[in-house]
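Dear colleague,

I am handing over the structure that we spoke about, and it is placed just below. Please look through it before reading on.

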Amino acid sequence: MTRISKNNKTTTGRDWLPEGEGDITVTVNRHPLTFTHPGKLYWPKEKISKRDLLNYYHAVTPYMLPYLEDRPQSLNRHPNGIGAPGFYQKNVGDKIPDWLSTYNYESESAEKTIRFLVCKDEASLLYMVSLGCIEINPWHSRVGSPEQPDWCVIDLDPDGNSYDEVVEAAKVTKQVLDSIKVPAYCKTSGATGMHICIPLGARYSYDQSRMLAQLVVTLVHEQLPSFTSLERTPAKRKGKIYLDYLQNRSIQTIAAPYSVRPRPGATVSAPLHWEEVKKGLSPKAFTMFHIIGRIEKECDPFAPVLKKGIALEKALQAVQSLVH
């Protein structure tokens, strides 16, 4: 069903959580979940509450869960909404309910074991949201193959550039990938950039994934040197789109497909059809109030990223020949 929110914006889905200011306890996947302060405004200007966010994630779970299931999560918490400082939490320690799954990662740099929360089902997703995780950040790999990512990601990260320039960089990236017969799927970052992902099928290492991304963005930069950059240091790439291939590392994360971002308007990281990537596209058009209806109408254009992966060796040979 469709509902009208307090600020007259529309979202598709059921009003799962009842109105009211008191704490709410519900059972999800046979686990009790208590949501405290559901009326707290996470977006004060837009009058969007924690309850609205929980209702959104409940409605989007069937579409979003395939990108989260069995993946360790970096918790990006904003318990007081977007107007207050947030923080990342990777190590959940022993302060979580015992029905939640975790994954122990041995950090060489920190010389300690980091206990990551693993998303398994709707209950674990909503538990994260109850902690103030407006944004959901899964690993690129699953616990069963932690060093073999399911996708390779190219992150187009602008520095004050227009979104039309982001679109142009995405289209050139698509042209490069088409030339080596590599399929790719794109989504808005939910902020100012765009993510382009290549299916790997958990068959290759993070190093191999990063090598592919680096070779591809090298070719993109050669075609668009005036407003793109491969410089990692922000001061050295001021005013240019960073063609980030370094996201392809163990425990790195990006916002999941359909994840809300802690930004004005409650924008969402929205999967796109490539024909939508054209001049005039705006990430502000994709918000938590419209995305469910879009999925029901458009299906999920990002779904193939979880299917059979590419033959990476052939792709590397093809792209290396173009670079040389």
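What follows is a short account of the cavities, the cysteines, the nonpolar cores and one sheet.

This is a predicted model, in which local features need pLDDT of at least 70 and side-chain atom pairs count only at pLDDT 80 or more, while totals for chains, interfaces and linings use all residues. Residues are numbered from 1 along each chain as its sequence is written, and side-chain values use heavy atoms, with hydrogens and water left out.

A search of the whole structure gives two cavities of 30 Å³ or more, a cavity being a set of points on a 1 Å grid over the protein atoms alone where a 1.4 Å probe fits but cannot get out. The second largest holds about 50 Å³ of space, the volume being that filled by probe spheres set on the points, which are joined across faces, edges and corners. Its lining residues (those with an atom within 4 Å of a point) include His 140, Trp 151, Lys 187, Cys 197 and Phe 302. By class, the lining divides into eight nonpolar residues, one polar and one charged, where Ala, Val, Leu, Ile, Met, Phe, Trp, Tyr, Cys and Pro count as nonpolar, Asp, Glu, Lys and Arg as charged, and the others, Gly among them, as polar.

Lys 187 also has a place in the strands (DSSP runs of E, at least two residues, numbered from the N terminus), since its bridge partner in S14 is His 195. Strand S13 (residues 185-188) and strand S14 (residues 194-199) run antiparallel and are joined by four bridges; two strands pair if DSSP finds at least two bridges between them. Both belong to an open, mixed sheet of six strands in the order S15-S16-S12-S14-S13-S17. Strand S15 (228-229) and strand S17 (271-272) each have a single partner strand, so one side of each is left without a neighbour in the sheet.

The count of disulfides (pairs of cysteine sulfur atoms within 2.5 Å) is zero. The closest cysteine sulfur to that of Cys 186 is in Cys 197, at 9.4 Å, which is too far for a bond. Cys 186 is buried at 0% relative accessibility, whereas Cys 299 is exposed at 53% (buried means under 20% relative accessible area, exposed over 50%, with a 1.4 Å probe and protein chains only).

Finally, the largest nonpolar core (buried Ala, Val, Leu, Ile, Met, Phe, Trp, Tyr and Cys residues joined through side-chain atoms within 4.5 Å) has 97 residues, and Tyr 56, Leu 156 and Met 288 are among those with the most contacts inside it.

With best regards

Note on methods. 1 Å grid on protein atoms, 1.4 Å probe; cavity = no way out; pocket = protein on both sides within 12 Å on 5 of 7 lines; lining within 4 Å.
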